[in-house]
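Got the viewer open? Here is a short tour, one selection at a time.

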Amino acid sequence: MEDSKLNEFVLRISALWNEQKRREVLYLEALKKDSMGPLRKMLTQGHFSALLCQKEILWMYDYFKCFLTDKDLINSPEVKSDNLAVLHNLEEKEEVAGVLKNAEEKILQSYRSLYKFMELDSETKRVIDEHLERISEFYEILSKMELVKKNGLVKSLAA
């Protein structure tokens, strides 16, 4: 990879790690809500998925970063406070699913933007593909959960 592309790739990987950190915090905060009973298993899986993705992204970042100019990835305190505010007033599982679905959609777009940097048979591409597949599964589940609420509202209005 040429230097300019490598620098951009490292910046995007760093941003992706931050998004995965936000994802982790969102799932953890959703797990703390009392009304999430039926979603607890999926929320726990989402939380662990975010943690594992962060570890693998850290591996990629450390492999590609320039030790002279690129900083280590750190936990940012504003990540936690931003996510607490988003979920604070939500109690319905469908509303929480909508917030999580939007976060998953954003992270999927970030992963897809990395493809222009990938070499066809690289280990990095394999990891990115695995992350995309797993996060897409969460996105689909959350979309169905959010749809339950929307369909309920549509049925209520039609009656």
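Start by selecting Phe9, Trp59, Tyr63, Phe64 and Phe117: together they form one aromatic cluster. Keep in mind as you click around that this is a predicted model. The structure as a whole holds 5 aromatic pairs, and we'll stop at two of them.

**Stop 1: Phe9 and Phe117**

A pair of aromatic rings is described by the distance of the centres and the angle of the planes. Put both on screen for Phe9 and Phe117: the ring centres are 5.7 Å apart and the planes sit at 55°, so this pair is tilted. The cut-offs make that clear, because stacked needs planes under 30 degrees apart and edge-to-face needs over 60.

Now colour by sequence position. Phe9 belongs to helix α1 (residues 3-31), while Phe117 sits in the loop between α4 (93-112) and α5 (123-158), so the pair ties together parts that are 108 residues apart in sequence. Buried or exposed, these two, Phe9 and Phe117? Both are buried.

**Stop 2: Trp59 and Tyr63**

Slide over to Trp59 and Tyr63. Their ring centres are 6.4 Å apart with planes at 25°, so here the pair is stacked. Both residues lie in helix α2 (residues 40-64), 4 residues apart, about one turn of the helix. Switch on a surface: Trp59 counts as partly exposed at 41% relative accessibility, and Tyr63 is exposed, with a relative accessible area of 61%.

**Stop 3: along α2**

Stay on α2 and select its two end C-alpha atoms. At 1.5 Å a residue, the 25 residues of this helix should span 36 Å, and the ends are indeed 36 Å apart, which agrees. Next, pick out the buried residues of α2, among them Met42, Leu43, Gly46, Ala50, Ile57 and Phe64. Phe64 should look familiar, as a member of the aromatic cluster.

**Stop 4: α1 against its neighbours**

Zoom out and show the helices as cylinders. The protein chain has 5 helices and 0 strands, giving the pattern α-α-α-α-α along the sequence. Of its 159 residues, 42% count as buried.

Select α1 with α2. They pack at an angle of about 160°, with their axes 8 Å apart; α1 and α2 are therefore roughly antiparallel to each other. The crossing of α1 past α2 is left-handed.

Swap α2 for α4. How do the axes of α1 and α4 cross, and at what angle? They come within 10 Å and cross at roughly 165°, so α1 and α4 are likewise roughly antiparallel to each other. This crossing, α1 passing α4, is left-handed too.

**Stop 5: along α4**

Repeat the end-to-end check on α4: its 20 residues should span 28 Å at 1.5 Å a residue, and the end C-alpha atoms are 28 Å apart, which agrees. The buried residues in α4 include Val96, Leu100, Ile107 and Leu108, and also Lys101 and Glu104.

**Stop 6: two last selections**

Pick Arg23 and Phe138. The charged end of Arg23 sits over the ring of Phe138, 5.3 Å from the ring's centre.

Finish with Asp34, in the loop between α1 and α2. At 73% relative accessibility, Asp34 counts as exposed. Add Glu91 to the selection: Asp34 and Glu91 are 57 residues apart in sequence, but 7.9 Å apart in space, C-alpha to C-alpha.

Note on methods. Residues are numbered from 1 along each chain as its sequence is written. This is a predicted model: local features need pLDDT of at least 70, side-chain atom pairs count only at pLDDT 80 or more; totals for chains, interfaces and linings use all residues. Side-chain values use heavy atoms; hydrogens and water are left out. Rings of Phe, Tyr and Trp (its six-membered ring) pair if their centres lie within 6.5 Å; planes under 30 degrees apart count as stacked, over 60 as edge-to-face and the rest as tilted. Helices (H or I, at least four residues) and strands (E, at least two) are DSSP runs, numbered from the N terminus. Buried means under 20% relative accessible area, exposed over 50%, partly exposed in between (1.4 Å probe, protein chains only). A charge sits over a ring if NZ of Lys or CZ of Arg is within 6 Å of the ring centre and within 35 degrees of the ring normal. The expected span of a helix is 1.5 Å times one less than its number of residues. Axes are lines fitted to C-alpha atoms, for helices over the stretch in contact, and angles run from 0 to 180 degrees between N-to-C directions. Angles under 35 degrees count as roughly parallel, over 145 as roughly antiparallel, 65 to 115 as roughly perpendicular and the rest as oblique. A crossing is left-handed if the near helix is turned anticlockwise from the far one by less than a right angle, and right-handed if clockwise.
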